[in-house]
Amino acid sequence: MAITSANQLELLQTAEAVAREKMIDPDLVIQAMEDSLARAAKSRYGAEMDIRVSIDRKTGRATFTRVRTVVEDDAVENYQAELTVAQAKQYKADPQVGDEIIDEVPPVDLGRIAAQSAKQVILQKVREAERDRQFDEFKDRKGTIINGVVKREEYGNIIVDIGRGEAILRRNEKIGRESYRPNDRIRAYVKDVRRETRGPQVFLSRTDPQFMAELFKMEVPEIYDGIIEIRAVARDPGSRAKIAVISNDNSIDPVGACVGMRGSRVQAVVGELQGEKIDIIPWNPEPATFLVNALQPAEVAKVVIDEEAGKIEVVVPDEQLSLAIGRRGQNVRLASQLTGLDIDILTEAEESSRRQAEFAERTKLFVDALDLDEFFAQLLVAEGFTNLEEVAYVDLDELLAIEGVDDSTAEELQARARDYIEEQNRKAIEAAKELGVEQSLFDFEGLTPQMIEALARDDVKTLEDFATCADWELAGGWTTVDGSRVKDDGILEKFGMSLEEAQALIMTARIQLGWVDPSELETAEEDEEDTEEETEE
């Protein structure tokens with residue numbers, strides 16, 4: 001194929017046609033043609049030459065040029081594409097390093113192989129431009145609902161035609177056992193859009209909790225307008241779901257608005273989700289109140305929250321236990337997902353038994369340690385005393401407030417408690433020394449002898465060992481494994497140590513050892529405070 005006046009306009013027409021078909025910029029197609037013609041020209045004139053082609057956007061005329069760059073005298077590596085300043089003087093009056101000498105060369109005739117190669121370059125460039133266009137179009141659709149038509153099924157995955165591209169609905173993203181045939185219409189949530197070697201991949205989902213949230217946004221105008229907010233969603237796809245909503249307008253009931261007249265709005269969502277039962281729950285900033293709502297339809301008698309552990313205990317009447325747990329634990333599992341808390345459900349009888357066991361355990365502690373009769377020990381527990389330290393170091397007036405306790409009795413109680421604690425401390429120190437604890441750990445403030453013994457039994461025997469510990473290793477914590485929260489027991493957790501206290505002790509140890517500069521720590525804290533203030537503003 002020769003670039004002649006007869007086919008110059010044909011280049012522009014071809015570029016327009018390809019651009020229109022692929023819905024990309026015609027200029028990108030022309031650039032691809034320029035690259036392909038330049039490659040063909042290099043095969044004719046020599047691969048080492050810098051041949052460039054420019055196609056006139058109006059006439060279609062292709063101009064072939066040879067470009068040579070002016071370099072230092074001792075820097076010439078490619079004599080076909082570079083020349084020295086002295087050599088450049090015959091083409092330019094005052095050449096400078098970096099200047100380009102451009103000469104027009106005759107257009108080439110493309111042989112069959114060169115023409116095929118040029119065609120491949122054009123197709124590749126057009127394909128890349130098309131992929132970029134598809135990615136730019138669908139990346140902004142992430143997090144929204146898209147309609148499409150089923151094209152085919154591959155190994156259980158559904159390939160969906162979404163207009164200007166294809167998307168994939170993986171089999172684990174389908175609801176239950178739903179199946180589709182070619183040409184079926186489908187609605188799904190755009191979960192992710194990624195660039196891949198074979199082009200942009202659009203991943204769809206019908207099981208994602210946000211799919212349900214977006215369906216409600218389409219059905220409930222108040223959510224679309226921002227009057228009602230969806231704060232949390234939990235789903236067991238195809239079976240049951242819970243959605244927490246709150247209204248920014250006191251005159252609008254968020255639950256009623258989502259349900260709609262005679263349930264019309266929620267039924268439209270249920271129909272799309274293959275009959276999935278949906279509990280619409282009013283969101284509340286108070287975790288306890290929110291959880292009571294989340295466990296509906298079960299009734300809750302009492303809620304006990306452990307914020308540090310991210311755990312919550314719910315006490316329900318005996319006859320409400322099966323309803324609160326739900327079939328195969330579904331109700332409590334969804335409530336846990338909705339609130340983000342681990343939930344332990346107890347019946348009133350179970351809670352009563354546990355409280356009695358704790359009462360008996362504390363009573364026995366006071367009987368054995370303080371040599372008291374059972375009645376007096378029970379009286380101390382009933383007044384709220386839980387350990388010997390509280391008895392030993394509490395203000396004397398608090399003991400005198402107990403009926404039947406006079407000054408001498410209160411003083412005797414505290415003396416016995418202190419003697420017992422001192423004896424236990426002595427035994428703990430001896431045990432720790434036998435285990436090989438170094439003096440540096442005994443001298444460190446903030447650790448009791450019992451704590452030091454517990455650390456030694458876990459092979460923490462020096463201040464250096466202690467400084468290398470993580471806060472959760474000391475205070476315990478919670479980690480998520482396979483979607484379930486798992487408890488990590490801390491070495492000092494039984495002594496009531498919190499994560500904050502553990503962090504402070506570890507940092508103090510590191511400062512004493514010279515591992516951390518206190519001034520740098522203060523600067524970092526000040527920077528963090530400034531950042532928080534700027535965020536609030």
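Begin by selecting Thr207, which sits in the loop that runs between strand 9 (199-205) and helix 5 (209-219); helices (H or I, at least four residues) and strands (E, at least two) are DSSP runs, numbered from the N terminus. The model is a predicted one, in which local features need pLDDT of at least 70 and side-chain atom pairs count only at pLDDT 80 or more, while totals for chains, interfaces and linings use all residues. Residues are numbered from 1 along each chain as its sequence is written, and side-chain values use heavy atoms, with hydrogens and water left out.

Thr207 has a relative accessible area of 15% and is therefore buried (buried is under 20% relative accessible area, exposed over 50%, partly exposed in between, with a 1.4 Å probe and protein chains only). Now add Glu173, whose side chain makes a polar contact of 2.9 Å with that of Thr207; such a contact is a pair of N or O atoms within 3.5 Å, where within protein one must be able to donate a hydrogen and the other to accept it, and residues adjacent in sequence count only if both atoms are side-chain atoms. Leaving aside neighbours within four places in sequence, the residues in contact with Thr207 (heavy atoms within 4.5 Å) include Asn172, Arg235 and Pro237.

Move next to Met212 in helix 5, which is buried, with a relative accessible area of 0%. Its contacts beyond four places in sequence include Arg235, Ala241 and Leu273, and the C-alpha atoms of Met212 and Ala241 are separated by 8.9 Å.

Finally, select Arg457 in helix 18 (residues 449-457), which counts as exposed at 56% relative accessibility. Not counting residues up to four places away in sequence, Arg457 touches Ala431 and Leu435.
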